[in-house]
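Biologist: I'd like to learn how to read helix packing and a buried side chain. Can you walk me through an example?

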Amino acid sequence: MNNDAFYATLSSETLREFALKTFGDPPSDLEEISKYISNGDRVLEVGCGTGRIGLPLIQRHNIEYTGVDSNAAYLEMFQKLAGQQPRVELIKQPIQKISKQTFDKILFPWTVIADFTELEQKAVLQQAYSLLDERGLCILDNPSQNQKPNQYGIYQPTLFYYQHWKERLGHMGFMSESSTYITRTGVERELTFLAKSDSLP
Ligand SMILES: C[S@@+](CC[C@H](N)C(=O)[O-])C[C@H]1O[C@@H](n2cnc3c(N)ncnc32)[C@H](O)[C@@H]1O
């Protein structure tokens, strides 16, 4: 299921309000993801939205940041908040069209991978494999299996659980592991870590 039609009905402000309910303030997912970002990293954020995660990452770490999103309104808000920043590129395109560069960190925050069908998820993860540096790390943040999925109008996620994917990730060439954390609003989330070499956290 492609959720573009859902996001087209959801204002940037409402998207941010939803995030607040799941992650609190300061956002727990940002705290978790930040631990794995180093100064100088080339970071790709898939489905960067309004910059809820991207902006503080840019501000905290001296990174080269590429944010990709298919929603023009979200990117417009991101650009407005970011102003003119060196080493920041926002691209309005489906992630499937990004190629060529490699990245030290590839982020799929806040259930972004669930916006793809299972077949697309496989293709996007294979794409992430080719975009990831040999020593790089890819991080996916999703609801844990203990968590009831969110229901919003026409939103139809294809939920991603590490246990279901572990074997397939290995076949794709990834080394992988997962961990869980609880957000400051009490929601259990699962982080999936993917790497090409032994650079897992
Ligand atoms: C749940 S929101 C997360 C936004 C942001 N990462 C955050 O944490 O606030 C998912 C985002 O993924 C974007 N998205 C969905 N499918 C996409 C695709 N194929 N390519 C790029 N972006 C996509 C949506 O437009 C939306 O902004």
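**Reading the packing**

Modeller: Sure, and keep in mind that this is a predicted model. Start with helix α6 (residues 118-131) and helix α7 (residues 162-171): their axes are 11 Å apart and the helices pack at an angle of about 45°.

Biologist: What does that angle make α6 relative to α7?

Modeller: Angles between the parallel, perpendicular and antiparallel ranges count as oblique, so α6 is oblique to α7. The crossing of α6 past α7 is right-handed.

Biologist: Which residues of α6 and α7 meet?

Modeller: From α6 you get E118, Q121, K122 and L125, and they meet W165, R168 and L169 of α7. By type, the residues of this α6 and α7 contact are three nonpolar, one polar and three charged.

Biologist: And how do α2 and α5 cross?

Modeller: The axes of helix α2 (residues 12-23) and helix α5 (residues 72-82) cross at roughly 80° and come within 9 Å. Angles of 65 to 115 degrees count as roughly perpendicular, so that is what α2 is to α5. On the α2 side S12, E13, L15 and R16 meet A73, Y74, M77 and L81 of α5. That contact divides into five nonpolar, one polar and two charged residues.

Biologist: Now a single side chain. Is R52 buried or exposed?

Modeller: The cut-off for buried is under 20% relative accessible area. R52 has 15%, so R52 is buried. R52 sits in the loop between β1 (42-46) and α4 (54-60).

Biologist: What does the side chain of R52 make a polar contact with?

Modeller: The side chain of D29, at 2.6 Å. Setting aside neighbours within four places in sequence, R52 is in contact with R16, A19, F23, P27, D29 and W110.

Notes: Residues are numbered from 1 along each chain as its sequence is written. This is a predicted model: local features need pLDDT of at least 70, side-chain atom pairs count only at pLDDT 80 or more; totals for chains, interfaces and linings use all residues. Side-chain values use heavy atoms; hydrogens and water are left out. Axes are lines fitted to C-alpha atoms, for helices over the stretch in contact, and angles run from 0 to 180 degrees between N-to-C directions. Helices (H or I, at least four residues) and strands (E, at least two) are DSSP runs, numbered from the N terminus. Angles under 35 degrees count as roughly parallel, over 145 as roughly antiparallel, 65 to 115 as roughly perpendicular and the rest as oblique. Contact means heavy atoms within 4.5 Å. Ala, Val, Leu, Ile, Met, Phe, Trp, Tyr, Cys and Pro count as nonpolar, Asp, Glu, Lys and Arg as charged, and the others, Gly among them, as polar. Buried means under 20% relative accessible area, exposed over 50%, partly exposed in between (1.4 Å probe, protein chains only). A polar contact is a pair of N or O atoms within 3.5 Å; within protein, one must be able to donate a hydrogen and the other to accept it, and residues adjacent in sequence count only if both atoms are side-chain atoms. A crossing is left-handed if the near helix is turned anticlockwise from the far one by less than a right angle, and right-handed if clockwise.
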